[in-house]
Amino acid sequence: MIHVVTSLAPIEGAPAADGSDCVACGRCCHHAPRTVHLLESDDARMGKKLLAIYTEEDRSPPGWRFMKNAGNRCAGLDVSTPARFPCALYAVRPEDCRIVEPGSPCCLEARRLGHLGSSVEFQRTA
Ligand code: SF4
Ligand code: SF4
């Protein structure tokens, strides 16, 4: 099934390199389901309680664990305050999320599209 990601409004220009614009942006945390996968090291850092709340296991082989989605965004995104997009589990977020550096090509693409685009390549190792 093809999942169409609804965009937020595009954001012009590059963000601050220190990540200070990220909470007001959140575009790269908007994506199709089963986009952010977890490594074993991510599982260990996140711990059982957060894994149970925010992640799900794909039943088909090889059985990857992914962040759950809430519609067109990651379920870990705290949308309780309008126009603010903090990650509810920022300190223990998966490696996939750490790959998307502010100002990187995939960040700029996400800001231009209003959601994570196809330029980010997550390495899925067995
Ligand atoms: S798209 Fe870029 S600026 Fe926006 S939240 Fe992601 S890393 Fe931060
Ligand atoms: S875990 Fe946090 S940083 Fe990663 S996609 Fe979800 S909300 Fe964004």
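How many nonpolar, polar and charged residues does the shell around ligand 1 have? Let me start there, hello everyone. By class, that shell has eight nonpolar residues, one polar and one charged. One caveat before I go on: what you see above is a predicted model.

So who are these neighbours? Ligand 1 is surrounded by P15, C22, C25, G26, C28, V100, P102, C107, A110 and R111. Within that list, G26 counts as the polar member and R111 as the charged one. As for where the ligand is placed, ligand 1 sits in the largest pocket.

Now to the other ligand. Ligand 2 also sits in the largest pocket. Around ligand 2 you will find C29, H31, M67, C74, G76, L77, C87, P94 and C97. Sorted by class, the shell of ligand 2 divides into seven nonpolar residues, two polar ones and no charged ones.

Please keep M67 in mind, since it takes us to the strands. Three strands form an open sheet here, in the order β1-β3-β2, with antiparallel pairing. The edges are β1, at 37–38, and β2, at 55–57, each of which pairs on one side only. Strand β3 covers residues 65–67, and its antiparallel pairing with β2 runs over three bridges. Which residue stands opposite M67 of β3? That is T55. M67 is thus a residue to look at twice: it faces T55 across the strands, and it is also one of the residues surrounding ligand 2.

Next, two backbone details for those of you who check torsions. P61 and P62 are joined by a cis peptide bond, with omega at about 5°. P62 is found in the loop between β2 and β3. The other one is R34, which is not a glycine and yet has a positive phi of about 60°. You can locate R34 in the segment before β1.

Last, the aromatic rings. How many aromatic pairs does a search of the whole structure find? Zero. There is still a ring contact to show you, though: R93 lies over the face of Y90, at 3.8 Å from the ring centre.

That is my tour, thank you for listening, and I am happy to go back to any of these spots on screen.

Notes: Residues numbered from 1 in each chain as written. Chains lettered and ligands numbered in written order. Predicted model: local features only at pLDDT ≥ 70, side-chain atom pairs only at ≥ 80, totals over all residues. Heavy atoms only, no water. Near = heavy atom within 4 Å. 1 Å grid on protein atoms, 1.4 Å probe; cavity = no way out; pocket = protein on both sides within 12 Å on 5 of 7 lines; lining within 4 Å. Sits in = over half its atoms within 2 Å of the grid points. Pairing = 2+ DSSP bridges. Helix = DSSP H or I, 4+ residues; strand = E, 2+ residues; numbered from the N terminus. Phe/Tyr/Trp six-rings, centres within 6.5 Å; stacked < 30°, edge-to-face > 60°. Lys NZ or Arg CZ within 6 Å of the ring centre and 35° of its normal.
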